[in-house]
Amino acid sequence: GCGKVFFDSGKLQKHALTHGKRKYLCIYPNCGKRFMDSSKLKRHWLSHEGVSDRTHICPYPECGQAYKSEVQLRGHMGTHNDEKFYFCPFQYCGKRFSFKENLTDHVKIHERLEAERA
């Protein structure tokens, strides 16, 4: 352990949680801090300058995306489900997407790269 001593078992249990995996990632440029739960990430996120309008933060660990509206966040949440029906048609890519629009944007990248190679 860390060597801290607690005489109250509740405080020890609470402290033990601080040693767990910090799955919630702050995606603010050049930050990258990690937190134990999404509420701590949200509180930290709001400490950054210029983000007060993006208060809807994705609750999925390792994501941390923030949006201006609940509607935008809900649209994003679909990227976390396992139902990815839209497959990249380019050989050797294998990427799949939950939304057709995301696949369309992805295909444009391949097409641009192919045009640059030609």
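**Salt bridges, a core and some cysteines**

Let me start with charges. The whole structure holds two salt bridges. Keep in mind that this is a predicted model.

Here is the first bridge. Aspartate 53 pairs with lysine 68, and their closest N and O atoms are 3.4 Å apart. Where do the two partners sit? Aspartate 53 is in the loop between helix 2 (38-45) and strand 3 (56-57), and lysine 68 is in the loop between strand 4 (66-67) and helix 3 (70-77), so the bridge ties together parts that are 15 residues apart in sequence. Now look at the surface. Aspartate 53 is partly exposed, because its relative accessibility is 37%. Lysine 68 has a relative accessible area of 52%, so lysine 68 is exposed.

On to the second bridge. Arginine 112 bonds with glutamate 116 as a salt bridge, with 3.7 Å between the closest N and O atoms. Both residues belong to helix 4 (residues 100-117). They are four residues apart there, about one turn of the helix. Arginine 112 is partly exposed, at a relative accessible area of 49%. Glutamate 116 comes out at 56% relative accessibility, so glutamate 116 counts as exposed.

Now the inside. Which residues make up the largest nonpolar core? There are eight in all: Tyr24, Cys26, Phe35, Leu41, Trp45, Val51, Ile57 and Ala66. Take two of these members. Tryptophan 45 is buried, because its relative accessible area is just 2%. Valine 51 touches Tyr28, Trp45 and Leu46, leaving out residues up to four places away in sequence.

Two of those names come back in the next item, the aromatic rings. A pair of aromatic rings is described by the distance of the centres and the angle of the planes. How many aromatic pairs are there? The count is one. Tyrosine 28 and tryptophan 45 form the pair, and the geometry is edge-to-face. The centres are 6.1 Å apart, and the planes meet at 75°. This pair links distant parts of the chain, 17 residues apart. Tyrosine 28 is in the loop between strand 1 (24-25) and strand 2 (34-35), while tryptophan 45 is in helix 2. Is tyrosine 28 buried or partly exposed? Tyrosine 28 has 25% relative accessibility, so tyrosine 28 counts as partly exposed. Its partner, tryptophan 45, is buried.

Next, cysteines. How many disulfides does the search find? Zero, across the whole structure. Why is cysteine 93 not bonded to cysteine 88? Cysteine 88 has the closest cysteine sulfur to that of cysteine 93, but the two are 3.7 Å apart, too far for a bond. A disulfide needs the sulfur atoms within 2.5 Å. Cysteine 93 counts as partly exposed, because its relative accessibility is 24%. Cysteine 2 is also worth a look: its relative accessible area is 45%, so cysteine 2 is partly exposed.

Last stop, lysine 95. Lysine 95 is placed in the loop between strand 5 (86-87) and strand 6 (96-97). Lysine 95 is partly exposed, at 46% relative accessibility. What does lysine 95 contact, beyond its neighbours within four places in sequence? The list is Tyr86, Phe87, Cys88 and His106. Consider histidine 106. Histidine 106 is 11 residues from lysine 95 in sequence, and their C-alpha atoms are 9.0 Å apart in space. Cys88 we have met already, as the cysteine whose sulfur is closest to that of cysteine 93.

Methods
Residues numbered from 1 in each chain as written. Predicted model: local features only at pLDDT ≥ 70, side-chain atom pairs only at ≥ 80, totals over all residues. Heavy atoms only, no water. Helix = DSSP H or I, 4+ residues; strand = E, 2+ residues; numbered from the N terminus. Buried < 20%, exposed > 50% of the residue type's maximum accessible area, 1.4 Å probe, protein only. Contact = heavy atoms within 4.5 Å. Salt bridge = Lys/Arg side-chain N within 4 Å of Asp/Glu carboxyl O. Core = buried A, V, L, I, M, F, W, Y, C linked by side-chain atoms within 4.5 Å. Phe/Tyr/Trp six-rings, centres within 6.5 Å; stacked < 30°, edge-to-face > 60°.
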